[in-house]
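Work through the exercises below with the structure open. Try each task before you read its solution.

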Amino acid sequence: MARIAIDAGHGGTDPGAVYNGRLEKDDTLKLALAVGEILQQNGVDVVYTRTEDIYQTPFQKAVAANQADADFLVSIHRNSSPTPNQYTGVETLVYDKSGEKLEMAENINSQMEKVGFRNIGVKERPGLVVLRRSKMPAVLVEAGFLNSEEDNRLFDEEFDKIAQGIAQGILDTLQGSGAAQTPPAEDPSIYYRVQTGAYRNLDNALRERDQLESEGYPVFIIEKDGYYLVQVGAFRNLGNATRMEGILRSSGYQTYITT
Ligand SMILES: [Zn+2]
């Protein structure tokens, strides 16, 4: 059974976008719970980053999905334009335009188009922490502009169809690609790991491991030739290992990929 992490964007002291007393965090929670309920009715295992009005950093949201070992993360937001009623439409954000997350983003957008939203496409946003720090394919749905009267009317009047559409986009992706269970042909005997350090002293290796672990990485230590090697992984797919290396490097770790 596929497991989907659903994130209601923002929360608590972070309202997200605000327009005429309407708060993004309230719309996202309502929609996240409705989407999750439909997925559960369709036999999907659902975990939520939050089910009430609490504050979480985007990093905590990514870690929650990582710790739940979800197959996909779907983060739900509403958009905002610099001035009211400037733009309308739904867009879905991804770390990069590849793989199942791109497929899911396109499926969700086309469902939203059927509900009546303008489809403003799939955009790459590699800087977003919730997309960058999650280990599974992740999409961030901007369900219309919160400061557009037109989108708000659609959001309120067609709420059930919107929830149904997002759930359908997710379900279509799970069915279309055999979920995350069957990766493309790869040599099953080769695993790639991203090494962040090699230490003579075990305490130094443990310190680095604890740091990485606290940041949500799948990390372990192996001993080789008198060194304690700190490694993140393992990955079947070199592309995934390379992506993880990029994330670790941007966090200041010195890395190289090993098998
Ligand atoms: Zn937002």
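## Exercise 1: the six-stranded sheet

Strand β1 (residues 3-8) and strand β5 (residues 72-79) run parallel and are joined by 5 bridges. Keep in mind that this is a predicted model.

**Task.** Find the bridge partner of Ile6 in β5. Then place β1 and β5 in the strand order of their sheet, and find which strands stand at the edges.

**Solution.**

1. Start at Ile6. Its bridge partner in β5 is Val74.
2. Widen the view. The open sheet has 6 strands, in the order β4-β1-β5-β8-β6-β7. Its pairing is mixed.
3. Go to the edges. β4 (45-48) and β7 (119-124) each have a single partner strand, so one side of each has no neighbour in the sheet.
4. Check the twist. On average, neighbouring strands of this sheet are turned by 20° against each other, direction ignored.
5. Add a helix. α1 packs on this sheet and touches β1, β4, β5 and β8 (138-145). The direction of α1 makes about 145° with that of β5.

## Exercise 2: the zinc ion

**Task.** Which protein donors does the zinc ion have, and how are the donor residues spaced in sequence?

**Solution.**

1. List the atoms. The donors are NE2 of His10, OE of Glu24 and ND1 of His77, lying 2.1 Å from the zinc ion.
2. Read the spacing. In sequence it is H-x13-E-x52-H.
3. Locate one pair. His10 sits in the loop between β1 and β2 (18-19), while Glu24 belongs to helix α1. The two are 14 residues apart, and the pair links distant parts of the chain.

## Exercise 3: two helices against α6

Two packed helices are described by the angle between their axes and the distance between the axes.

**Task.** Describe how α1 packs on α6. Then do the same for α3 and α6.

**Solution.**

1. Take α1 (residues 24-41) and α6 (residues 159-176). They pack at about 55°, with axes 9 Å apart.
2. Classify the angle. Angles of 65 to 115 degrees count as roughly perpendicular and those under 35 as roughly parallel, so α1 is oblique to α6.
3. Give the hand. The crossing of α1 past α6 is right-handed.
4. Name the contact. α1 contributes Lys30, Leu31, Ala34, Val35, Ile38 and Leu39. Residues from α6 include Phe159, Ile162, Ile166 and Ile170.
5. Sort by class. This contact has 12 nonpolar residues, 1 polar and 1 charged.
6. Turn to helix α3 (residues 99-115). α3 and α6 pack at about 145°, with axes 8 Å apart. Their crossing is right-handed.
7. Name this contact too. Among its residues are Glu100, Met104 and Ile108 of α3 and Lys161, Gly165 and Asp172 of α6.
8. Sort again. Here the classes are 7 nonpolar, 7 polar and 4 charged.

## Exercise 4: the four-stranded sheet

**Task.** What is the strand order of the sheet of 4 strands, and which helix touches β9, β10 and β11?

**Solution.**

1. Read the order. This open sheet runs β10-β11-β9-β12, with antiparallel pairing.
2. Mark the edges. β10 (219-224) and β12 (256-258) each have a single partner strand, so each has one side without a neighbour in the sheet.
3. Check the twist. Neighbouring strands are turned by 45° against each other on average, direction ignored.
4. Follow one pair. 6 bridges join β10 and β11 (residues 227-235) in the antiparallel sense. Glu223 has Tyr228 as its bridge partner in β11.
5. Add the helix. α7 (residues 202-214) packs on the sheet and touches β9 (192-199), β10 and β11. Its direction makes about 25° with that of β11.
6. Finish with α8 (residues 238-250). α8 lies across β9, β11 and β12, at about 40° to β9.

Technical notes: Residues are numbered from 1 along each chain as its sequence is written. This is a predicted model: local features need pLDDT of at least 70, side-chain atom pairs count only at pLDDT 80 or more; totals for chains, interfaces and linings use all residues. Side-chain values use heavy atoms; hydrogens and water are left out. Axes are lines fitted to C-alpha atoms, for helices over the stretch in contact, and angles run from 0 to 180 degrees between N-to-C directions. Angles under 35 degrees count as roughly parallel, over 145 as roughly antiparallel, 65 to 115 as roughly perpendicular and the rest as oblique. A crossing is left-handed if the near helix is turned anticlockwise from the far one by less than a right angle, and right-handed if clockwise. Contact means heavy atoms within 4.5 Å. Ala, Val, Leu, Ile, Met, Phe, Trp, Tyr, Cys and Pro count as nonpolar, Asp, Glu, Lys and Arg as charged, and the others, Gly among them, as polar. Two strands pair if DSSP finds at least two bridges between them. Donors are N, O and S atoms within 2.8 Å of the metal (3.2 Å for Na, K and Ca); water is not among the atoms, so sites may look incomplete.
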